[in-house]
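Trainee: I would like to learn how to read a structure step by step. Could we go through one together, beginning with its overall layout?

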Amino acid sequence: MKSKVIIYKKIDKTVLSFIENTCDVVYFQKLDSENYPKFIQELKNADAIIGSELKVNKDLLDQAPCLKMVCNTSVGYDNLDLKELEKRGIIATNTPEVLNDTVADTVFSLILSTARRIPELDQFVKKGEWKSNLSEEKFGVDVHHKTLGIIGMGGIGNTLAKRAHLGFDMQILYHNRSRKEEAEQKYNAIYCSLEELLKKSDFVCVMTPLTPSTEKMIGKREFELMKDTAIFINGSRGKTVDEEALIYALKTNEILAAGLDVFIEEPIRMDNPLLSMENVVTLPHIGSATYETRLKMAMLGATNLVAGLQGKTPPNLIKSGVSIN
Ligand code: 8YV
C-alpha cells in the first residue's frame, strides 16, 4: 500500500508528480481557516506531511497518530517541536545548502540598501524631490573595506562571508558555537566573542537559527555595545531579536540603521514603529524567495520525504536523536 502524504503548501508540478509516483497525495495549496478542519481530518491517517512554517506541536501531533515523517521545505525548523516528535518516533527533515546563495544575496542587498539608503533615495527621485545637486544629508556610508560581524556562521553565514571578503574587501568577524576553519582560511574570518563582534563591527548581521538559546539574543545590552554608526541586519528569524530594544536603539541613535527580512510578527502590523523609520529597510521574509531556489527547496524536501518513507536515511535528517529504522 502506498504511503499517504499531505502537502500543505503550493508546490511545483514536477515536485508534485515526483511525490505522486510513490505516494497517495492530499494536496492543500495553503492552509487557511476554511480548509483547516479538512486538513486535520486528513491528518488522522497520514504517514507524512510536507510544507513549511506549520507549527508542528503536541496539539497537532495528537491529531496525527499514524505520522512517521515531517518534511520542512525550509532550512529553519523552529516550527517543529523536536522533543514531541522524538517522543513519538517521528523523523523530521529540512532543506539546507540549496538556499545559501540566494539568502546571502538577499542579506547582502539589505547591507547595501541600508548603507547607501537605496529605498529612501528611490522615493526621493520618484516623488520629484531631486531638484538640485544632492546635499550631504542624503549621503550614505561605504560598505567596502568595512567590518562585517556575522552571528551564526552556518552555510548561509559562510556564503555571506564569501561575498563580503571577495567582492567588497571587508574584514569578517564571526561568532558561532564552533570555529569554522574553512571561513577562517578562505575569507580571513576571525572568530570572536559576541561582545567583541558587537563592539567592532560596522555591520552586525544575525544569521543564526532560532532556538531556545538564540531567542532574543540581541537585546538592549547588545545594541548598547554596538557602534553608534553600526548597521544592524536580521536575516534569521524575528524572535532572535528583542524588537522593542531594536526600536529604542534606532530612536535614540544608538545605531545608525537596520535592514530586516524578518519580524516577531509576520506579516508585520502596520502600526509597528519600524515601518515609519526612514533608516529602516524592510522586506517581507523573502530570503530564499526566488523561483529557482524555492523549486530546489521543494524538490529537496520531496527527496527527503520519499527516501524516509522508503525506509532509507533522508539526506537532510534533523538530528534529534530519532533513528529511522
Ligand atoms: C522561508 C526560510 O521562510 O528556509 C527558511 O528557513 O526562512 C525561508 O526560506 C520559507 O519557510 C520557505 O518556505
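Mentor: A good way to begin is with the division into domains, and here the protein is divided into domain 1, made of 3-96 + 291-309, and domain 2, made of 100-282. Please keep in mind as we go that this is a predicted model.

Trainee: How far apart do the C-alpha centres of domain 1 and domain 2 lie?

Mentor: The C-alpha centres of the two domains lie 32 Å apart.

Trainee: Let us turn to a helix. How does the reach of helix α5 compare with what is expected at 1.5 Å a residue?

Mentor: One compares the span from the first C-alpha to the last with the expected value, and for α5, which holds the 16 residues 100-115, the span is 22 Å, close to the 22 Å expected. Just after this helix comes Arg117, whose phi is positive, near 55°.

Trainee: Is α5 mostly covered or mostly uncovered?

Mentor: A residue is called buried when its relative accessible area is under 20%, and in α5 this holds for 12 of the 16 residues, so that the helix is mostly covered. Among the buried residues are Val103, Val107, Phe108, Leu110 and Ile111, but also Asn100, Thr102 and Ser113.

Trainee: How should I read single residues, such as Asn304 and Val125: are they buried or exposed, or in between?

Mentor: Asn304, which is found in helix α12 (residues 291-309), counts as buried because its relative accessible area is 0%. The side chain of Asn304 also reaches the backbone oxygen of Asn94, at 3.1 Å. Val125, placed in helix α6 (residues 118-126), is called partly exposed because its relative accessible area is 44%.

Trainee: How far is Val125 from Asn57, in sequence and in space?

Mentor: These are two separate distances, and here Val125 and Asn57 are 68 residues apart in sequence and 48 Å apart in space, taken from C-alpha to C-alpha.

Trainee: Finally, how many residues surround the ligand, and which are the closest?

Mentor: The ligand is surrounded by 13 residues, the closest being Lys9, Val75, Gly76, Arg237 and Ser288. Sorted by class, this shell has 3 nonpolar, 6 polar and 4 charged residues.

Trainee: Which side chains have a polar atom that pairs with an oxygen atom of the ligand, and at what distance?

Mentor: An N or O atom in the side chain of Lys9 is 2.3 Å from a ligand oxygen, while for the side chain of Ser52 the corresponding distance is 2.9 Å, and a polar side-chain atom of Glu53 lies 3.0 Å from an oxygen atom of the ligand. As for cover, the ligand on its own has 330 Å² of accessible area, of which the protein covers 93%.

Methods: Residues numbered from 1 in each chain as written. Predicted model: local features only at pLDDT ≥ 70, side-chain atom pairs only at ≥ 80, totals over all residues. Heavy atoms only, no water. Near = heavy atom within 4 Å. Polar contact = N/O pair within 3.5 Å; in protein donor to acceptor, adjacent residues only side chain to side chain. Areas by Shrake-Rupley, 256 points an atom, 1.4 Å probe, with all protein chains shown as cover. Nonpolar A, V, L, I, M, F, W, Y, C, P; charged D, E, K, R; others polar. Domains from an automatic or database assignment. Helix = DSSP H or I, 4+ residues; strand = E, 2+ residues; numbered from the N terminus. Expected span 1.5 Å × (residues − 1). Buried < 20%, exposed > 50% of the residue type's maximum accessible area, 1.4 Å probe, protein only.
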